[in-house]
Amino acid sequence: MRTTTRVTRGRAAALLATAAATALVLTGCSSGSSGASGGGSGAIDGTITLQTWALTPTYTDYLQGVISAFEKEHPKATVKLQDQPGDGYADKVLSQASSNTLPDVINLPPDIALPLAKRGFLQDVSKDDSKLGSTYVAGALDSYRYKGLDGTYGYPWYLNTDVDYWNKSMFDKCGLDADNPPKTTDELFTQAKTMHSNCPDDYLMSRKPGLGDFTLAGVKVLNSDGTKFTFADSSKAVDLIDRYKEAYQDGYMPSNVLNSDYLGNSTLFTQQKVAWTTGGATALSDMIKNNPSLKGNVVVSPALDTPPLYVQGLSVSSKSKHLATAEAFAQFMTNAKNQEAFAHQVNIFPSTTSSQSDPYFSKDDGTVNGTARVLANEALKQAKVLNPVEANSAMTDFLDQQIALAMKGQVAPAQALQTAQDKMNSLLANG
């Protein structure tokens with residue numbers, strides 16, 4: 001199962017430019033519209049295809065069960081399931097669009113859905129569903145609403161978020177209270193200083209900032225129509241990098257955090273070399289499996305500031321020959337009953353607001369894993385997608401390099417951010 005991926009924007013543009021031209025000839029729809037060119041009669045009938053992403057054979061029984069239940073409710077409709085492997089999924093979807101073979105209902109995270117929505121290949125599902133806002137978590141819906149476009153281009157399917165994990169013995173040893181860990185980024189820096197002062201060889205912090213941290217700091221990362229990055233224009237972004245630079249150079253985090261061989265804060269936390277990491281609600285199980293000495297030694301708390309939101313959804317092809325059927329099935333598969341059944345099998349959370357009161361997610365069983373699950377479920381009420389979907393991996397990799405140079409003191413933070421912004425805007429304009 002996947003949370004998200006990043007599409008190479010140049011490849012997306014090349015594939016979809018061809019696709020858009022084909023669509024213009026075949027359907028008469030203009031590029032960028034949300035037109036339902038294959039809407040048909042509105043009857044729930046005919047054969048549609050559901051495409052999932054790396055879910056079979058593990059979850060075939062669940063998927064076929066949902067399909068069978070839908071077909072029982074709508075005897076004139078048939079749903080065919082096809083699953084694509086994890087690797088190369090984004091390119092596969094873009095190729096399907098370019099050849100006019102996009103499935104009727106497609107498992108898409110918001111970033112892969114974006115280029116398709118911009119070119120008119122996805123249906124604005126809000127046109128035919130007046131209950132979207134009352135059915136799904138607000139942040140999840142927002143992730144399928146894009147700058148510069150009107151509409152909602154996916155039904156949120158399943159969600160995840162992060163909680164914070166803290167090493168109790170390291171806190172105790174270094175003069176910190178594990179029952180009162182940092183709640184904000186400001187408190188994180190303060191407690192990192194205390195840990196370093198008392199235990200020079202131990203660390204609380206162990207990562208660089210990124211676009212999501214700019215969002216948390218109140219920086220306007222992208223302009224209103226999604227055409228330009230603007231983070232370098234904010235003094236808050238410069239201040240944030242300055243703060244991380246000082247923390248790094250003062251020894252509050254491991255020196256190799258800026259190196260290419262950096263293992264990541266989750267690995268370092270598991271090795272008990274750092275006292276903080278983030279992870280999903282079930283991350284602790286894997287940590288303990290890799291290091292049994294962590295059992296009973298970890299405290300969990302909500303994510304700092306605003307919790308991040310990770311979303312998978314079901315989008316509907318605007319070219320579907322049975323649009324009403326496709327929309328009805330996407331809505332059916334993402335209803336509370338079906339999402340809850342799925343989330344009881346998998347380490348995910350439903351996107352339906354009514355599911356948040358399900359005792360499985362809302363009742364603490366007294367274990368750290370149970371506490372993490374309840375905290376994550378509660379966090380989803382205000383969680384947001386912190387990294388703009390317009391930022392692909394080439395952009396964020398370049399930003400990451402510039403931030404590393406600034407933290408090492410090789411480039412002034414303001415210059416590093418400006419260089420990154422110029423490069424990212426060039427990539428965005430050419431994508």
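**Notebook: rings and sheet**

I looked first at charges over rings: Lys319 lies over the face of Phe121, 5.6 Å from the ring centre. The model is a predicted one. I then found a second case, in which the charged end of Arg373 sits over the ring of Tyr360, at 4.7 Å from its centre.

Next I looked up ring pairs. I get a count of 17 aromatic pairs. I checked Tyr146 and Tyr153: the ring centres are 6.4 Å apart and the planes stand at 20°, so I enter the pair as stacked, planes under 30 degrees apart being the criterion. I also asked whether these two are buried or exposed. Tyr146 has a relative accessible area of 5% and is buried. Tyr153 is buried too, with 1%. I noted one aromatic cluster formed by Tyr59, Tyr62, Trp157, Tyr158 and Phe342.

Tyr158 led me to the sheet. I find Tyr158 opposite Pro350 in E9. Strand E4 (residues 155-160) pairs with E9 in the antiparallel sense, over two bridges. I traced the open sheet of six strands in the order E2-E1-E3-E8-E4-E9, and its pairing is mixed. I have strand E2 (77-84) and strand E9 (349-350) down as the edge strands, each pairing on one side only.

Last, I looked at which helices lie on the sheet. Helix H2 (residues 60-73) lies across strand E1 (46-53), E2 and E4, and runs at about 165° to E2. Helix H4 (residues 110-118) packs on the sheet as well, where I see it touching E1, strand E3 (105-108) and strand E8 (310-316). The direction of H4 makes about 130° with that of E3.

Notes
Residues are numbered from 1 along each chain as its sequence is written. This is a predicted model: local features need pLDDT of at least 70, side-chain atom pairs count only at pLDDT 80 or more; totals for chains, interfaces and linings use all residues. Side-chain values use heavy atoms; hydrogens and water are left out. Two strands pair if DSSP finds at least two bridges between them. Helices (H or I, at least four residues) and strands (E, at least two) are DSSP runs, numbered from the N terminus. Contact means heavy atoms within 4.5 Å. Axes are lines fitted to C-alpha atoms, for helices over the stretch in contact, and angles run from 0 to 180 degrees between N-to-C directions. Rings of Phe, Tyr and Trp (its six-membered ring) pair if their centres lie within 6.5 Å; planes under 30 degrees apart count as stacked, over 60 as edge-to-face and the rest as tilted. Buried means under 20% relative accessible area, exposed over 50%, partly exposed in between (1.4 Å probe, protein chains only). A charge sits over a ring if NZ of Lys or CZ of Arg is within 6 Å of the ring centre and within 35 degrees of the ring normal.
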